[in-house]
Amino acid sequence: MVKDMTQGNPAKILIKFTIPLLISVCFQQLYNIADSIIAGKFLGGEALASIGISYTITMIYMAIANGSNIGCCVVISQFFGNKNFAKMKTCISTSLISLMSLSFALSILGLLFSPSILKLLNTPQNLYIDSSSYLNIYTLGLSFLFLYNICNGIFTALGDSKTPLFFLIFSSVFNVILDYILVKYTTLGVSGVAWATFIAQGIASALSLTCLIIRIRKITHIKAELFSFDILKKILFVAIPSILQQSFVSVGNIFIQGLVNTFGDVIVAGFSAAGKLNTFTITTLTALGNSMSSYTAQNVGAGKIERIKKGVKYLYFISFIITIPLFILFFFFPELMMKIFVNGEDVEIIKSGIEFLKTVSPFYLFISIKLIIDGVLRGSGIMKMFMISTFSDLLLRVVLCYTLTPFFNETGIWYSWPAGWLLATLISCIFYFTGIWKKNINNLTAK
């Protein structure tokens with residue numbers, strides 16, 4: 001089903017469009033969390049810490065995939081909103097060819113340089129082998145990751161958030177089952193967790209591509225170019241800032257992870273578990289921003305700007321519904337949340353995770369506001385302001401981490417999150433409420 005978001009009641013459209021996206025993200029994060037749960041319960045604290053270290057690096061790959069995906073989808077949404085189906089088809093094929101080429105290059109570079117990166121992260125010697133094995137297997141499957149994300153992203157750009165949900169449910173459930181089987185019933189250890197992700201994403205990406213080809217053929221039989229450098233430039237205009245934004249955040253997290261690693265296995269394990277819960281929250285809220293990007297881009301393409309403001313208000317309400325329960329769980333019941341990952345006797349690991357959760361969870365509502373506004377900035381093509389807001393958050397977090405740790409030890413690292421979020425939210429709000437984001441809309445409208 002392809003959905004035109006330039007017509008009808010904005011509230012109903014966004015609710016119907018966003019809820020499947022949110023469910024999709026939940027399932028997508030499910031197998032990331034399942035990796036840590038199964039490793040922590042069956043393999044112990046060292047395995048949990050090893051996956052946590054590798055996960056910081058894999059987040060860079062995911063950031064590049066997601067940033068590229070966003071650039072492609074914004075342009076596809078603009079052509080779709082403008083009813084220019086020939087260019088829309090060319091944009092889809094150009095996106096697929098470009099991202100698959102990028103994924104092959106990243107796989108080669110990743111396999112060559114991952115050992116050096118792990119050493120730069122101050123990876124403890126007892127965690128190095130497992131971290132390296134997990135990271136190498138994950139890197140081999142990057143083409144699956146990119147293909148899977150771009151196919152689901154294209155569905156979303158066309159207003160269909162249900163089809164990606166079905167594929168994510170399948171991939172997530174299958175991944176968790178494989179995790180359990182390969183860890184509990186084989187001697188693969190941490191490598192089994194990585195192979196489970198590799199296999200699940202491979203099957204899901206093949207199914208997604210098949211479904212996408214069938215869907216595009218149903219939309220229109222208009223002939224279109226297979227590849228266009230002009231359209232690639234449009235994609236890169238949005239994609240490069242999005243890639244830089246998400247990659248720099250991930251690189252910043254690598255610096256933070258390197259600092260965390262200096263405090264030993266217990267802190268690394270606690271941060272790994274609590275960090276997965278935090279990532280689950282932020283990724284869920286990011287889905288609201290991505291939803292706003294697609295909605296904004298379609299309405300920009302159709303020249304219906306006033307609908308965008310209404311959409312922002314409705315997504316604010318949805319973000320409130322999401323953040324309040326998560327705050328209650330993480331702030332008032334953090335020990336219960338940590339025991340999902342580790343056994344009750346791992347008292348110090350639990351204590352470390354509790355400190356992190358209680359520090360960051362009260363500020364989830366602020367970061368949700370920022371991410372929704374970022375969706376408007378990105379969907380309307382105001383990328384400079386989008387990047388300023390993001391980099392302010394990142395820079396402050398990294399600087400504060402290294403500034404505060406001499407005085408507060410690892411707790412100083414936790415304090416850097418809310419400080420960065422508050423500043424970035426303030427900057428995003430200034431860009432939005434002053435109306436600067438509307439100035440270049442006519443130049444970005446697809447023709």
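Helices here are DSSP runs of H or I with at least four residues, numbered from the N terminus. This is a predicted model, in which local features need pLDDT of at least 70 and side-chain atom pairs count only at pLDDT 80 or more, while totals for chains, interfaces and linings use all residues. Residues are numbered from 1 along each chain as its sequence is written, and side-chain values use heavy atoms, without hydrogens and water. Helix α3 (85-120) helps line the largest pocket and also packs in contact with α5.

**Largest pocket**
- The volume of the largest pocket is about 280 Å³.
- Its lining comprises 14 residues, with Lys89, Ile92, Ser93, Ile213 and Ile216 nearest the centre.
- At least two lining residues come from each of α3 and α7 (190-219), and α3 gives the most, six.
- Nine lining residues are nonpolar, two are polar and three are charged.

**α3 against α5**
- The axes of α3 and α5 (residues 142-157) come within 8 Å and cross at roughly 160°, so the two helices are roughly antiparallel (over 145 degrees).
- The crossing of α3 past α5 is right-handed.
- Residues in this contact (heavy atoms within 4.5 Å) include Ile92, Leu96 and Leu99 of α3 and Phe146, Leu147 and Ile150 of α5.
- By class, the contact has 13 nonpolar, four polar and no charged residues.
- Ile92 belongs to the contact with α5 and is among the residues nearest the pocket centre.

Terms used. 1 Å grid on protein atoms, 1.4 Å probe; cavity = no way out; pocket = protein on both sides within 12 Å on 5 of 7 lines; lining within 4 Å. Points joined across faces, edges and corners; volume = space filled by probe spheres on them. Nonpolar A, V, L, I, M, F, W, Y, C, P; charged D, E, K, R; others polar. Axes fitted to C-alpha atoms, helices over the stretch in contact; angles between N-to-C directions. Parallel < 35°, antiparallel > 145°, perpendicular 65-115°, else oblique. Left-handed = near helix turned anticlockwise from the far one by under 90°.
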